[in-house]
Structure formats: structure tokens, C-alpha cells
Amino acid sequence: PVGRMGLELEPLFQAWSYFRRRKFRQCSDICSQLLEKPLGEQEPDAEYTVFQAAWSLKTRALTEMVYVDEIDMDQEGIAEMMLDENAIAQVARPGTSLKLPGTSQGGGPSPAVRPVTQSGRPITGFVRPSTQSGRPSTMEQAIKTPRTALTARPITSASGRYMRLGTASMLTNPDGPFINLSRLNFAKYAQKPKLAKALFEYIFHHEDDVKNALDLAAVATEHAQFKDWWWKVQIGKCYYRLGLYREAEKQFQSALKQQDMVDTILYLAKVYLRLDQPVTALNLFKQGLDRFPGEVTLICGIARIYEEMNNISLSAEYYKDVLKQDNTHVEAIACIGSNHFYSDQPEIALRFYRRLLQMGVYNCQLFNNLGLCCFYAQQYDMTLSSFERALFLAENEEETADVWYNLGHVAVGIGDLNLAYQCFKLTLVNNNDYAEAYNNLAVLEMRKGHIEQARALLQTASSLAPHMYEHHYNFAILSEKVGDLQRSYSAAQKSEEAFPGHVDTQQLIKQLKQHFAML
């Protein structure tokens, strides 16, 4: 018809355009239509036919739909922690192990000021996979602790998580798998490096079949005469996923010799951290900074390790270095803010959290922190409005519980104990495993003279969070008041174990020993 212009895009080009704009579903659909065309319409002599291009593009689109960055993806579950066959020194030298972070106090605030997680590390200002799991000391403790990823509590096996990622990928292709892996001839694909790389990422990320991915990578690296660093990194990733950390280390080191890449340094550091060698990882990062000066991910990696080793002052210095290079780095701003807050500088912390707000971070956790900073900085007009906004933005019951718990703290601070009681009750309605709320409720019950309720609440708190000292100490004081000296002594010992520097606990133990000596 007259007046109509032929602006139809060539289908493959249109699919590529969708891919560039991250519209992977549309890209995959167009590639599927191209692949359904009979092969006779293709150019047989072309090195890279339309059919191959469509196949490769669809493979990449399906991979991108479920892609998870392996560098930050590090969840260590109960199976990995308790059934780990790697021999690691049981009694490490102070300051060389992540298992005993309390051994290297580097000027950080004590547990009396800054709460600690089950693994003995101070609570960080930014939730990331490595802060979500910690090594419990015994199997019993690992199984007893609740399976939430809020603090350093063990989650279910990481391999289970990878399986769930794999099953989620089936949704991206409802007609069944796009590629039948069992019928693939890897040797044939290894001779076509462009196709092989796309295929590897599809098998590794979309199908979650580490064994087949490793087989393909092994054949491909052999075909490349072991000169392609990319394949070595992929083999290292497969070994890491299979728990073969020393083999992964060799592959990453070999890849680094051929091609210096920041990603490879991060993968290698991840291996060292899993092997509980933080000092080696630190040295690796520092050598990387000599070759890549000012690289934010490397400086941030150093800051994270110092934070995990309880060396808060050095960690804060490195986070400040991160901000010199990238002044919009959310993790660095949040960690420095929380460090100032726990160092009794809420006004400075408030400036950092306001900066996050200006950058467009708008979530429950940020308003929760803003509310606390305003309260401790005596800006009372902003406190309640911040907590109201946090409650409105809370996405799940755990976040709601955090807000109500902090509101209870504010109520205690202004002397309204009835409001505090209601807030702590609402905390437990939303999250029944909130040990701190049980502890504070017990203190309020003690003030009312309800001794039995207080004891029951404190016992619940100590079973939920044996790594905290407050409820052990409160239970010891309460037992001593009612004359149950034996229970008081055992609770005081647990309190001292959780926080050896607590002076009140030491005085109580001293008094109890005098009582026992008189008997």
C-alpha cells in the first residue's frame, strides 16, 4: 500500500537489540522462531551462520535471566560448615583465623556497646552473604539456632540453594530444557570457542550442572592448549562449587599468571576465606592493589576481612578509602555510619545515613537506622516519623519486628514503660525468635515483681541466643536474688564466656565464690 514504509527490522538484529536492552524474554522468543526455520534457508558456507548466531544469543539470554554473580554468592550452610573435610588448624594463632575473631580486638567497641553475632563478630552495617552465616562451635549449636539469614545463623545447605536456582531456571523455558546436555558432544563444541563459552555459561548458571560444565571446560582448555585464562577461571569456579578448594586455587593462580584480572583475584580470595586463611587473602588483595591502584572491589574486600576479624578501626579506614574512589558506594557509607553510631557519634552517623537517603536508597532498614540516630542525637521531632516510615516500608515480619524492638528502646529511654512493654510484645508477635526482646521483657517483668515470668523469658532468650551475654547475666542476678546460687553461678559463667571483659559479671562470680567458701 502507498504511504507505508518497510521499517521491519531483520529478526536477528531485533533479538540482539532486545538483548542489549535486557528484555531477555522477547529476545529468547525471536531466537526460538529463527531456530524453528528449516536449515535449508541458512548459508551453509558461512563461518558463523544465522542459525548458530540465534542459538548462541538464545543461550546467552536464558543465562542472563537467572545469572547470579559468583563472587558475591557465598552462602555456607550447615552441611558445608560441619561436614567440611578440609583440615584447618583447630587452634589458630591470634589474628589469623575467622573462626576466632575475638582474638584480634582492633580497637572496636565491646559487646556491651555493639552487639555480636553467634560467630563472635560485631554486627555489620551492611547485610551480605558472608555476614549471614558464621561457624557455630558445635553441631548441636548449629542445629539449635533458627534458620534465618538475619545474623550469623546457619542456613540450610548451600548446595540446596544452588539446586533451587537450577529449578527456578526451568520456569524460563516452560517447554522443557532448550539443550539436551546428555546428547552434547563437548569435543565438537570445544573447537568453536565462541559457541563453547556461551554454552558453558548456560550449563553452569541456567542448568546448574557443574559436572557437565567442568567436562566442557576441561575439553575446551585442552583445545586452547591451556593458553586461555578464561577457561581456567571457569574450571576454578566449578572446583569451588564442588568443594575442591585446593584445585580451584591452582586454576585461579594459573589464570592470574596468564592474565591479570580483578575478578580472578576476587575468586582466589574467596577460596582463601573458605579455607579460613584471611591473612593470605589480605596479602592477595594488597598485591592486587599494587597492580590495580584504586580498584574499589579490592579495597572493599580488605575492609570486609578486617571487619570480620573484629578489627573495626582498620576496617573503617579502608571503607573511607573506598569512598575516596567511589563516593556513592552504599556498603562503605552504611558500614562507616554504623561504626560511628556504635562509637557514640550518632550525629556523624546521621550524616552518612542522610547521604544514603539522598542517593535514592529508600527502605525499612535505612529509616530504622535514621530513627535510632535521631533519638540518640536528641533530635526527637524526627525519631517517631522515621520509625513510622520504616514500619510502612517493612517487607516482612522480621523487619517489622526490628522496628518495634527499636521503638521499645525509645520508649524505655523516655520512661514510658507501658509503651515499651507493648512494643516488645509486638516484636515477639512478628518474630518469635527475637532473643533481645525476651531479655528486655524479662527486665520489665522484674521491675513489676513478676519473678517467675522473668525467669521463663530469660531462659527462652538464653536458649535462642547462647552467644549473647545480657540474658545470662540478668538470669544470674535474678537467681542470686531469690537464693538459687548454683543456677546463678552457672549463668554467670556463661555470661563471662560470652563477654570475658564484663566487670559486673566478674564481681558477681567473685561474690558467689565467697558465698560458696563460707558454706
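This passage looks at a helix pair, an annotated repeat and one buried asparagine in a predicted model.

A good place to begin is the pairing of helix α2, which spans residues 24-36, with helix α3, which spans residues 50-65. Their axes come within 9 Å and cross at roughly 150°. An angle over 145 degrees counts as roughly antiparallel, and the two helices are therefore roughly antiparallel to each other. The crossing of α2 past α3 is left-handed. On the α2 side, the contact is made by F24, R25, C27, S28, C31, S32, L34 and L35. Their partners in α3 are F51, A54, W55, L57, K58, A61, L62, E64 and M65. Sorted by character, the residues of this contact comprise twelve nonpolar, two polar and three charged.

Further along the chain, the UniProt record, an unreviewed entry, lists residues 435-468 as "repeat: TPR". In the model, this span is 82% helix and 0% strand. The C-alpha atoms at its two ends lie 9 Å apart.

The last stop is N430, a residue of helix α22, which covers residues 417-430. Buried residues are those under 20% relative accessible area, so N430, at 18% relative accessibility, counts as buried. Leaving aside residues up to four places away in sequence, N430 touches E397, T400, A401 and W404. N396 offers a helpful comparison of sequence and space: N430 and N396 are 34 residues apart in sequence, while their C-alpha atoms are 8.9 Å apart.

Key
Residues numbered from 1 in each chain as written. Predicted model: local features only at pLDDT ≥ 70, side-chain atom pairs only at ≥ 80, totals over all residues. Heavy atoms only, no water. Axes fitted to C-alpha atoms, helices over the stretch in contact; angles between N-to-C directions. Helix = DSSP H or I, 4+ residues; strand = E, 2+ residues; numbered from the N terminus. Parallel < 35°, antiparallel > 145°, perpendicular 65-115°, else oblique. Left-handed = near helix turned anticlockwise from the far one by under 90°. Contact = heavy atoms within 4.5 Å. Nonpolar A, V, L, I, M, F, W, Y, C, P; charged D, E, K, R; others polar. UniProt positions renumbered as here; feature names shortened; annotations may be inferred. Buried < 20%, exposed > 50% of the residue type's maximum accessible area, 1.4 Å probe, protein only.
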